[in-house]
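Q: Hi! Could you walk me through this structure? I'm new to this.

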Amino acid sequence: MAPILLNLPNQLTFESNVAQTLSLLERCTNMMELKQIHAHIYKTGLIIDPIPVSRLLTFSTSLDFGNLIYARKVFDRISRRNTFMWNTMIRGYSNSNEPKEALFLYHQMLCHSAPHNAYTFPFLLKACSRMSALEETQQIHAQIIKTGFGLDIYATNSLLHVYAISGSIRSAHLLFDRLPHRDIVSWNSMIDGYTKSGDIDTASKFFKDMPVKNVISWTAMISGFVGANLNKEALKLFHEMQVASIKPDNVALVSSLSACAHLGSLDEGRWIHTYIDKNGVEIDPILGCVLIDMYVKCGDMDEALKVFRKLEKQSISAWTAIINGFAIHGQGQEALDWFMKMQKAGIKPNSITFTAILTACSHAGLVDEGKLLFKIMMTDYKLNPTIEHYGCMVDLLGRAGLLLEAKELIEKMPLHPNPAIWGALLNACRIHGHLELGKQIGKILIEVDPTHGGRYIHLASIHAADGEWDQAVQVRSRMKNQGVSKLPGCSAISLNGIIHEFLAGYASHPQMDEIYKMWNQIAEKLQQDGYKPATGDLLLDLDDEEKERAIQQHSEKLAIAFGLIRTKPETTIRIFKNLRVCEDCHTVLKLISKIYAREIIVRDRTRFHLFKEGKCSCRDYW
DNA sequence: TTAGGGTTAG
């Protein structure tokens, strides 16, 4: 380690020693150097001077290079601690993974009758916000008023922020209304609080009403829209932000890229990537990860890999995003290869990496590999499986037809099964025709998830598949009586940067006549190829002709017909669907890829399907 | 000293 003290003269006056030591502390870049300076401070008697000691604390509590344990040892040995020192330690803990310690320290501060200042409360409240500690926040709120800091904008804004994001948005709103002084931070916290409480309308109202907006206000609203799955609104706001001449920073770019990933908007995503390159935006680890994920979810693995290779440092999240990319593209072996590569590069997989690799095994039918990975995750990596991992395993076993094993896993798992777990098992029952078990699980699912329309549809379709039409109709009416609606199937296709959306059975597009005409042509060619509509997925008690008509109006069929009209021969057609592709549409898309010699890429709710020459990349395993 | 970001099963 560099001997930082080498050039320090031996004989110094007290004053010039203070000056030179402070200058050394300013240049200090790591704990080893800091320890040398600390020894020097001790040896030369500077330890009685509060300024160098405070600087020691500031450095050793810093997030990047600090060592909080060391800082605490220094702090505990200081005989006369001033408010700055207490605050520095409280701030250190509030940013650490033991924010509770900040509150303990504050308690000690009170016991020592050390005076507060305006900096004490924001640090303390930061600790509360990290823990969502509402009761403690209320106590500190009282303390703020008692000690006369009730009008301090930093203290009140910090309070507002904790209330807003810790599940007490009403307290935040009350406080906001009573504040004699509000600034942009107060408004931004309200926007963030309302979006995090799921009330996007009130958040929008605050955004609209605020007198001045900065990049944080715009980003809080954009990420609020993304969180509410209103990705189109998020991108619209991103554009409005450019019109308002607000320069997006990394956080704004991350939120907007995330919206592109959800929508599958490759063109928009590319535009943002170009913006990043042109403006020399530094790709930090989060931005890098989201950029990869955007390309992954828009179906462009090659570009995702290019971004990955160009990253200055490949973080665990970047590796995970790539592995997940291969997983959802059904390239199980590549996912496994990258998982090995990652470990060779010295990166230890985390819990999310295992979710990605188990998903890869599940989508590719790699049962033995998945089982082994699930085991070594616990034994070798000491990671406790979460509900997500169990979800992957139930899906992996269920899809492979090992239903009993999947059911056993659910019964034995130490966590309470959630709707997703039952959903995975139900899907397996549907694939493998285990109707009795399917009915049992369908009933359980409706009980645990009564507001989810898809659950009723599932159960009704299983009854229908078993010819129990009365039961199917009963489930449907129960759904109707409960006021639950089904999420309509929606397929989107992007042409020249414009997204065209199609809803199942809903003739909303201006070119609908042309689209139906095209579909009739397609249907004729399909028939010539020996295709018969598979109506098994339909739950309604319709006659066969009606069933055929209903199935012909599935959104992906309308989107493909439109894609064939509007794109040149041989162009790849990309479709994004909000639900799972049905069996009939899957068959049809395979045939169209052969008859029209087109590559068709469909991203459904869970994965990508690449239809080419009459086959699908999922090998009909989805 | 206070406010906004990511990768995760179905």
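A: Happy to; we can go through some strands, a helix, the DNA and the repeats, keeping in mind that this is a predicted model.

Q: Cool. How many bridges join S1 to S2?
A: Six bridges link S1, residues 490-495, with S2, residues 498-503, and the two strands run antiparallel. One pairing to look for is Ile 493 with His 500 in S2.

Q: And what sits between those strands in the hairpin?
A: Two residues lie between S1 and S2, and in this hairpin Asn 496 has a positive phi near 50°.

Q: Which bridges join S1 to S3?
A: There are three of them, to S3 at residues 573-577, again in an antiparallel arrangement. In S3, Phe 576 is the bridge partner of Ala 492.

Q: Switching topic: how far apart are the end C-alpha atoms of helix H29?
A: They are 24 Å apart. That agrees with expectation, because 17 residues (512-528) at 1.5 Å a residue should span 24 Å.

Q: What follows H29?
A: Gly 530 comes after H29, with a positive phi near 90°.

Q: Now the DNA. How many residues surround strand B?
A: 58 residues do, and the closest are Asn 157, Val 251, Ser 317, Gly 391 and Ala 420.

Q: How do the residues of that surface divide?
A: Into 28 nonpolar, 23 polar and seven charged residues near DNA strand B.

Q: Last one: where does UniProt place the PPR repeats?
A: The unreviewed UniProt entry lists several, including 315-349 and 350-385. In the model, residues 315-349 are 74% helix and 0% strand, with end C-alpha atoms 11 Å apart. Residues 350-385 are 75% helix and 0% strand, with end C-alpha atoms 11 Å apart.

Conventions:
Residues numbered from 1 in each chain as written. Chains lettered and ligands numbered in written order. Predicted model: local features only at pLDDT ≥ 70, side-chain atom pairs only at ≥ 80, totals over all residues. Pairing = 2+ DSSP bridges. Helix = DSSP H or I, 4+ residues; strand = E, 2+ residues; numbered from the N terminus. Expected span 1.5 Å × (residues − 1). Near = placed C-beta within 6 Å. Nonpolar A, V, L, I, M, F, W, Y, C, P; charged D, E, K, R; others polar. UniProt positions renumbered as here; feature names shortened; annotations may be inferred.
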